[in-house]
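Welcome, and please open your viewer. This tour goes from one selection to the next and says what to look for at each stop.

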Amino acid sequence: MTPSTRKCWSARVGAETVAIDTFVYPDEEALAEAACALALGKIQEAIGERNRAIVVLAGGNTPRATYRLLARGIVKKRIPAERLLWLFGDERWVLVDDPQSNEGMARESLLHPIAAPASTVLSWEAGHGDPVGCAQRYGEKAADAMLGQNADLVFLGMGSDGHTASLFPDATMHFSSGRSVAVGPEVPGFAVAVHSLTAKGWRLTLCPDVLNAARTVVFLVAGAEKSQALRRARGGDPATPAAWIRGERTVFMATRDALGKENADFGRDVRHG
Ligand code: 6PG
């Protein structure tokens, strides 16, 4: 499904100007089809180049339809499941069989249907022990598995407050060193436990550095309640966590209602691709 609107525009992030594509779709079904097609392309490209693809999965509800289609595409195209490495961009402090579990959602909609080998799925193992130690272990485990390679594809959602992964504007990041700092784009690290009143407690999340090192970052954004946050995220608003994340290529895939009138002018800074 070709997007009803495509604009390529640039935004300033710090001193750097980065190109951002924004695709708009009539509904979530069309968005999921396009996100699936993009993901399959990026996965095959990475496997062609380096014999594997590293994919970071988003949580929440919006990605579920994309994951279902992606599972079918991977099976149909006979992409070897052992050539994929799956990480989770963030997780709630719940066990995997909890309906709130991001990993649980991804396993049901994608990883089980493709029979992903256990060794290719990096679980946060959330919900037991302590979140700070859990995040530390995840960082070590993921860094080992990635072998110094960056992610090929990062899926991210976005909340109406502009949070992405579990980088909530009101969160504090807690490190195993005992250090805790307000969430921010410059906070170094691989994975961290965050505490957020908005999120009602503990969360686990990959840090901006890891997400920003990705080849392609894809934001999946649906729902009219997100249009103001989408404008801030695209515009590089420093107070909006989704504005902190920019891959080598960054793509916002939004439904028309998420675009709303707040983004009606997004064509003005057009760089004709
Ligand atoms: C989570 C997510 C979070 C999510 C947004 C959007 O654990 O909740 O990782 O960042 O992507 O909250 O969620 P929806 O897609 O459900 O609107």
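Before the first selection, one term: a strand here is a DSSP run of E with at least two residues, and strands are numbered from the N terminus. Keep in mind too that the model is predicted.

**Stop 1: strand 7**

Select residues 172–174, which form strand 7, and pick out Thr172 within it. Is Thr172 buried, partly exposed or exposed? Its relative accessibility is 30%, and because partly exposed covers the range between under 20% and over 50%, Thr172 counts as partly exposed. Now show what touches this residue, leaving aside neighbours within four places in sequence: Thr172 is in contact with Val181, Ala182, Val183, Ala193, Val194 and His195. For a distance label, use the C-alpha atoms of Thr172 and His195, which are 5.4 Å apart although these positions lie 23 residues apart along the chain.

**Stop 2: the whole chain**

Zoom out and colour by secondary structure. You should find seven helices and 12 strands. If you switch to colouring by burial, 54% of the 273 residues are buried. A contact map is worth a look as well: of the contacts between residues at least 6 apart in sequence, 71% join residues at least 24 apart. With the surface turned on, the accessible area is about 11,700 Å², and carbon and sulfur atoms account for 51% of that area.

**Stop 3: the largest pocket**

Stay with the surface and look for the largest pocket, which holds about 510 Å³ of space. Which residues should you select to centre the view? Take Gly59, Gly60, Asn61, Arg92 and His163, the closest to the pocket's centre among the 30 residues that line it. Two elements each give two or more residues to this lining, namely strand 5 (90–92) and helix 3 (102–111). Colour the lining by class and you get 11 nonpolar, 12 polar and seven charged residues.

**Stop 4: helix 2 against helix 3**

Helix 3 leads on to the next view. Add helix 2, residues 64–76, and draw both axes: they are 8 Å apart, and the helices pack at an angle of about 35 degrees. On the helix 2 side, show Arg64, Tyr67, Arg68, Leu70, Ala71 and Ile74 as sticks; on the helix 3 side, show Met105, Ala106, Glu108, Ser109 and Leu110. Together these make the contact, which by class has seven nonpolar, one polar and three charged residues.

**Stop 5: the loop after helix 3**

Follow the chain from helix 3 towards helix 4 (131–146) and stop at Ala115 in the loop between them. What is the phi of Ala115? The value is near 50 degrees, which is positive in a residue other than glycine. Ala115 counts as exposed, because its relative accessibility is 57% and exposed means over 50%.

Further along this loop between helix 3 and helix 4 is Glu125. Its phi is near 55 degrees, again a positive value in a residue other than glycine. Glu125 has 45% relative accessibility and so counts as partly exposed.

**Stop 6: helix 4**

Finish by selecting Gln136, which is found in helix 4. At 35% relative accessibility, Gln136 counts as partly exposed. For a last distance label, add Ala191: the two C-alpha atoms are 6.5 Å apart in space, while Gln136 and Ala191 are 55 residues apart in sequence.

Notes:
Residues numbered from 1 in each chain as written. Predicted model: local features only at pLDDT ≥ 70, side-chain atom pairs only at ≥ 80, totals over all residues. Heavy atoms only, no water. 1 Å grid on protein atoms, 1.4 Å probe; cavity = no way out; pocket = protein on both sides within 12 Å on 5 of 7 lines; lining within 4 Å. Points joined across faces, edges and corners; volume = space filled by probe spheres on them. Helix = DSSP H or I, 4+ residues; strand = E, 2+ residues; numbered from the N terminus. Nonpolar A, V, L, I, M, F, W, Y, C, P; charged D, E, K, R; others polar. Axes fitted to C-alpha atoms, helices over the stretch in contact; angles between N-to-C directions. Contact = heavy atoms within 4.5 Å. Buried < 20%, exposed > 50% of the residue type's maximum accessible area, 1.4 Å probe, protein only. Areas by Shrake-Rupley, 256 points an atom, 1.4 Å probe, with all protein chains shown as cover.
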